[in-house]
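Work through the exercises below with the sequence and coordinates open beside you, and try each task before reading its solution.

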Amino acid sequence: MGKDLWSFKSVKELEKQTEDLPDTILKEQIMLLGKKTDFILYGKQL
């Protein structure tokens, strides 16, 4: 049998390892900002 390349032992451990990834942080911040602005955002092109 080959070597197990997956570094997690359970789903909980995997969730813990991925909670601080940039996309997870961005999704969390989008939800927090959206609640404050009713998900209405304005952008400005530079």
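**Exercise 1.** Determine whether glutamate 19 is buried, partly exposed or exposed, and find which side chain meets that of glutamate 19 in a salt bridge.

*Solution.* Step one is the class: glutamate 19 has a relative accessible area of 36% and is therefore partly exposed, where buried means under 20%, exposed over 50%, and partly exposed in between, with a 1.4 Å probe and protein chains only. Step two is the partner: the side chain of glutamate 19 meets that of lysine 16 at 3.0 Å, N to O, which satisfies the definition of a salt bridge (a side-chain nitrogen of Lys or Arg within 4 Å of a carboxyl oxygen of Asp or Glu). Lysine 16 has a relative accessible area of 56% and is thus exposed. Step three is the count: a search of the whole structure finds 1 salt bridge.

The model is predicted, so that local features need pLDDT of at least 70 and side-chain atom pairs count only at pLDDT 80 or more, while totals for chains, interfaces and linings use all residues. Residues are numbered from 1 along each chain as its sequence is written, and side-chain values use heavy atoms, with hydrogens and water left out.

**Exercise 2.** Check whether the span of H2 agrees or disagrees with its number of residues.

*Solution.* Helix H2 covers residues 22-37, helices being DSSP runs of H or I with at least four residues, numbered from the N terminus. The expected span is 1.5 Å times one less than the number of residues, so the 16 residues of H2 should span 22 Å, and the end C-alpha atoms are indeed 22 Å apart.

**Exercise 3.** Describe the backbone that follows H2, giving the sign of phi at aspartate 38.

*Solution.* Just after H2, aspartate 38 takes a positive phi of about 55 degrees, and phenylalanine 39, in the segment after H2, has a positive phi of about 60 degrees although it is not a glycine. For context, most residues other than glycine have a negative phi. Aspartate 38 counts as exposed at 62% relative accessibility, and phenylalanine 39 is exposed at 51%.

**Exercise 4.** Identify which residues form a nonpolar patch on the surface.

*Solution.* The patch consists of Leu26, Ile30, Met31 and Phe39, with about 430 Å² of accessible area together, the area coming from the Shrake-Rupley method with a 1.4 Å probe, and only the protein chains shown counting as cover for residues. Patch members have over 30% relative accessible area and no salt bridge, with nonpolar side chains (Val, Leu, Ile, Met, Phe, Trp, Tyr) joined within 5 Å and like charges within 9 Å. Leucine 26, for instance, lies in H2 and is exposed at 55%.

Terms used: Helices (H or I, at least four residues) and strands (E, at least two) are DSSP runs, numbered from the N terminus.
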